[in-house]
Amino acid sequence: MRWSGQQLEAEAPGALPGLARVHGLVRTSRPPEFAGMTFYEVLAKSALNKVPGSVPGTPYAWTINPYRGCSHACVYCFARPTHRYLDFDDPGAFDAEVVVKVNVGDVLRTELAKPSWTRSPVALGTNTDPYQRAEGRYRLMPRVLEALADSGTPVSLLTKGTLLRRDLPLLARIAEHGPVDLAMSVAVFDPELQALVEPGTPTAAARLATVRAAREAGLECGVFLMPVLPYLTDTTAHLDAALAAIAEAGASYVVWTALHLKPGVRQWYLDWLHRHFPQHDAAYRRMYADGPYAPKAYRRWLAERIEPLLTKHGLRRGAVDDTTGTTRSRSAGIVQAVATAPQPTLF
Ligand code: SF4
């Protein structure tokens with residue numbers, strides 16, 4: 001569907017109480033197949049977002065988020081507080097009130113056609129998942145990827161969505177001219193726990209099947225085994241089974257880190273923990289008493305547990321881009337070991 005010719009309906013004051021900052025609203029939609037969700041379809045003025053503090057020409061100075069909000073609904077999602085800027089006060093709104101930039105592909109094409117565009121690598125999946133369920137309805141990503149392919153722009157993409165498989169031919173087209181850095185986020189390999197902590201996501205098995213499909217399409221594709229949840233997913237048995245499955249899927253590399261609990265998600269996660277695993281309340285409050293990161297001693301302990309398992313399963317560590325939290329671009333010529341020090345963002 002092309003959206004460039006759509007007429008803007010009036011943003012009548014009061015039509016959407018509390019959504020004064022959802023600009024360019026075309027309409028709201030509550031499709032019956034997405035129970036409990038509301039989509040705010042908007043005409044975006046821009047598609048490329050400059051990463052704050054980035055230096056032009058360095059990966060990744062630019063990101064694209066076709067959606068704001070994410071129905072994957074991960075309890076630990078660091079992006080949850082970003083909905084506040086849209087005047088959604090309830091942290092749970094991030095999961096159910098999704099802004100859809102229906103014209104993002106067309107706007108992007110215009111931006112990439114400017115003589116000033118230097119084909120700096122672009123990251124997708126930094127703040128919301130571009131392959132969340134809504135993508136099956138709106139099909140924004142093919143036009144985004146076509147625009148990137150036609151302009152010869154390298155891309156890094158991090159997702160939990162299996163719909164990625166649909167667009168592998170387009171990604172392969174981009175890869176003909178420059179690096180494509182794909183990563184699948186799969187952190188929880190216990191199906192019951194996954195349904196509690198990431199209720200809107202595809203199963204781990206389905207995500208790993210997508211990794212395999214990407215590899216078979218000739219693309220590099222890593223796995224973000226993160227966040228590792230203290231007391232819930234950090235047992236040797238869980239990690240060993242996870243890494244065995246990741247290796248079996250043919251993943252190019254693995255990135256891992258322990259849970260971060262930054263302001264805005266901290267209370268949301270701790271409330272969830274209390275509802276489902278109250279036996280761990282006290283331990284978490286101790287661990288995260290001094291800030292958003294797990295204590296150094298825990299991170300060291302986790303490294304000593306995971307690193308031998310990586311070796312056992314013949315997996316190598318990948319690198320995270322510090323500015324975006326997605327895979328570090330090979331276009332920078334850098335593939336380094338991930339520091340065990342805290343990373344600024346997680347998935
Ligand atoms: S962590 Fe990623 S997939 Fe999960 S809700 Fe946040 S943006 Fe979506």
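This passage walks through a predicted model of one protein chain, from its overall make-up to a few chosen elements and residues. Residues are numbered from 1 along each chain as its sequence is written, and side-chain values use heavy atoms, with hydrogens and water left out. Because the model is predicted, local features need pLDDT of at least 70 and side-chain atom pairs count only at pLDDT 80 or more, while totals for chains, interfaces and linings use all residues.

The protein chain holds eleven helices and eleven strands; these are DSSP runs numbered from the N terminus, with helices (H or I) of at least four residues and strands (E) of at least two. Of its 347 residues, 56% are buried, meaning under 20% relative accessible area with a 1.4 Å probe, protein chains only (over 50% is exposed, and in between is partly exposed). The accessible surface of the chain is about 14,600 Å², and 54% of this belongs to carbon and sulfur atoms; such areas come from the Shrake-Rupley method with a 1.4 Å probe. Among contacts (heavy atoms within 4.5 Å) with a separation of 6 or more, 75% link residues 24 or more positions apart.

Helix 2, spanning residues 104-112, is a good place to begin a closer look: seven of its nine residues are buried. These are V104, G105, D106, V107, L108, E111 and L112. They pack against strand 3 (48-50), strand 4 (62-64), strand 6 (97-101) and helix 4 (141-151).

Helix 4 also packs with helix 5 (residues 168-175), at an angle of about 15° and with the axes 9 Å apart; axes are lines fitted to C-alpha atoms over the stretch in contact, and angles run from 0 to 180 degrees between N-to-C directions. The two helices are therefore roughly parallel, a term for angles under 35 degrees. On the helix 4 side, the contact is made by P142, L145, E146, L148, A149 and D150, and on the helix 5 side by L170, L171, R173 and I174.

Two single residues round out the picture. H72 lies in the loop between strand 5 (67-68) and helix 1 (93-96), and is buried, with a relative accessible area of 3%. Beyond its neighbours within four places in sequence, H72 touches several residues, including D129, Y131, K160, E198 and P202. P227 sits in strand 10 (residues 221-228) and counts as buried at 1% relative accessibility. P227 and S185, 42 residues apart in sequence, are 9.2 Å apart in space, C-alpha to C-alpha.

Key:
Parallel < 35°, antiparallel > 145°, perpendicular 65-115°, else oblique.
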